[in-house]
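Hi,

Here is the structure I promised to pass on. Have a look at it first, and then read on for what turned up when I went through it.

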Amino acid sequence: MGIGKTTPFEDLIEKAGGCAVVDGGFATQLEKHGADINDPLWSALCLIKDPHLIKKVHKEYLEAGADILVTSSYQATLPGFVSRGLSIEEGESLLRRSVELALEARDSFWDSMKNKHGGHAYNRALVAASIGSYGAYLADGSEYSGSYGSNVGLDKLKDFHRKRLQILVEAGPDLLAFETIPNKLEAQACVELLEEENIKIPSWICFSSVDGENAPSGESFKECLNVINKCDKVKAVGINCAPPQFIEDLILKLNKLTDKAIVVYPNSGEVWDGRDKKWLPSKCFNDDKFECFATRWRDSGAKLIGGCCRTTPSTVQAISKALKEKL
């Protein structure tokens, strides 16, 4: 990249005042609209049954002030679709559709805003294609433990992700979002794939954390980031779907370990029991707390802030209000 040239990703962060807003919980909002996603495919089931709801949720997050839309492909995988009786071709088409729906929502929203008042109240959002971890496909809670077993090595993880990565990139998103990565091995697989496939669009890699100190596998973030820091194709690293009370300390920790932009989009603080498939009562943040903490997270060094499970468009609106107050 030549001197003075920036990517649309970097431009967006600058236009947003130094900290851009990522959207919020997707499955949470789909369920509010009546979608039944109690299924191994989770929110990706709506790609088959209710694609209009996916577009509706994207629009709601854009109206709330999201600068980045994350696609509905987190749990969309070719093996997952095939296990439901779909063909490989149908699965590939659904993966492409996840990006197309987000792009269509973004473009129609942006056109309507320009016609209304020049779009000044909003930035033209970018679309990040979601790539969930191998554990998300397993749907057994292992994205929160990193315990994939001794038979899952680097090559197996790369083979698992490769075709999905290729299809999603071909569909034309602005970014790639590797989400809820639980261990160093899968982070390495993501990095090596980006290099092997010579991916041209920027990526971020987000881990979760169940203790506020380490990756779910127990490996230190220093170990995990060592394999990411050498890769210029990864523009941001961070945390998603971890309790919000962990976030400030994790931002400070990550800032010491990398020069890449920091992205955080925590859940509401409620705890998901991956085995019994239910939310457990726990300490959670309401929208007012997200509004308050968003500025603290930004001031601690985060460049992208949003929400994950159990957050809503009203959460994102609160975050956007806090971050864009002086713009």
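Please keep in mind that this is a predicted model. I'll start with the sheet, then move to the helices and the charged residues.

**The sheet**

Eight strands form an open sheet in the order 1-10-7-6-5-4-3-2, and the pairing is parallel. Strand 1 (20–21) and strand 2 (68–70) sit at the edges with a single partner strand each, so one side of each has no neighbour in the sheet.

Going inwards from strand 2, the next one is strand 3 (residues 126–132), which strand 2 meets in parallel through 3 bridges. Ile-68 has Leu-126 of strand 3 as its bridge partner. Strand 3 then pairs with strand 4, again in the parallel sense, over 5 bridges, and here Ala-128 is matched with Leu-175 of strand 4. Strand 4 (residues 175–181) goes on to strand 5 (residues 203–207) through 4 bridges, also parallel, with Ala-177 opposite Trp-204 in strand 5.

How many of the residues of strand 3 are buried? The count is 7 of 7, so that the strand is mostly covered. In general, side chains in a regular strand alternate between the two faces of the sheet. In strand 3, Leu-126, Ala-128, Ser-130 and Gly-132 point one way, while Val-127, Ala-129 and Ile-131 point the other way, and all of them are buried.

**Helix 9 and a buried glutamate**

Helix 9 lies across strand 4, strand 5 and strand 6 (234–240), and runs at about 165 degrees to strand 4. Glu-186 belongs to this helix, which spans residues 184–196. This is a residue I'd suggest looking at on screen: Glu-186 is buried yet has no salt bridge. Which side chain of opposite charge is nearest to Glu-186? That is Arg-164, 6.3 Å away, whereas a salt bridge needs the nitrogen and oxygen atoms within 4 Å. What Glu-186 does have is a polar contact, side chain to side chain, with His-161 at 2.7 Å. Beyond its neighbours within four places in sequence, Glu-186 is in contact with Ser-133, Tyr-134, Tyr-148, Leu-157, His-161 and Ile-181.

**Salt bridges**

There are 17 salt bridges in the structure. One of them joins helix 9 to another helix: the side chains of Lys-158 and Glu-192 meet with N and O 2.8 Å apart. This pair links distant parts of the chain, with Lys-158 in helix 8 (residues 154–170) and Glu-192 in helix 9, 34 residues apart. Lys-158 counts as buried because its relative accessibility is 8%, while Glu-192, at 23%, counts as partly exposed. The pair is also part of a network, in which salt bridges that share partners join Lys-158, Arg-162, Glu-192, Glu-196 and Glu-197.

Another salt bridge is found between Arg-97 and Glu-100, where the closest N and O atoms are 3.3 Å apart. Both residues lie in helix 6 (residues 88–117), 3 residues apart, or about one turn of the helix. As a general point, an α-helix has 3.6 residues a turn, so residues three or four places apart point the same way. Both partners count as partly exposed, Arg-97 with a relative accessibility of 27% and Glu-100 with 31%.

Arg-106 and Asp-107 form a further salt bridge, at 2.6 Å from N to O. Here Arg-106 is buried, at 5% relative accessibility, and Asp-107 is partly exposed, at 31%.

**Arg-96**

Arg-96 is also in helix 6 and, at 30% relative accessibility, is partly exposed. The C-alpha atoms of Arg-96 and Glu-170 are separated by 7.9 Å, although the two residues are 74 apart along the chain. Setting aside neighbours within four places in sequence, Arg-96 is in contact with Ile-167 and Ala-171.

**Helix 13**

Which residues of helix 13 are buried? They are Pro-313, Thr-315, Val-316, Ala-318, Ile-319, Ser-320, Ala-322 and Leu-323. That makes 8 of the 11 residues in this helix (residues 313–323), so helix 13 is largely enclosed by the rest of the structure. These buried residues pack against strand 1, helix 2 (26–32), helix 4 (51–63), helix 12 (287–300) and strand 10 (302–305).

Happy browsing, and best wishes!

Conventions. Residues numbered from 1 in each chain as written. Predicted model: local features only at pLDDT ≥ 70, side-chain atom pairs only at ≥ 80, totals over all residues. Heavy atoms only, no water. Helix = DSSP H or I, 4+ residues; strand = E, 2+ residues; numbered from the N terminus. Buried < 20%, exposed > 50% of the residue type's maximum accessible area, 1.4 Å probe, protein only. Lys, Arg positive; Asp, Glu negative; His and termini not counted. Polar contact = N/O pair within 3.5 Å; in protein donor to acceptor, adjacent residues only side chain to side chain. Contact = heavy atoms within 4.5 Å. Pairing = 2+ DSSP bridges. Axes fitted to C-alpha atoms, helices over the stretch in contact; angles between N-to-C directions.
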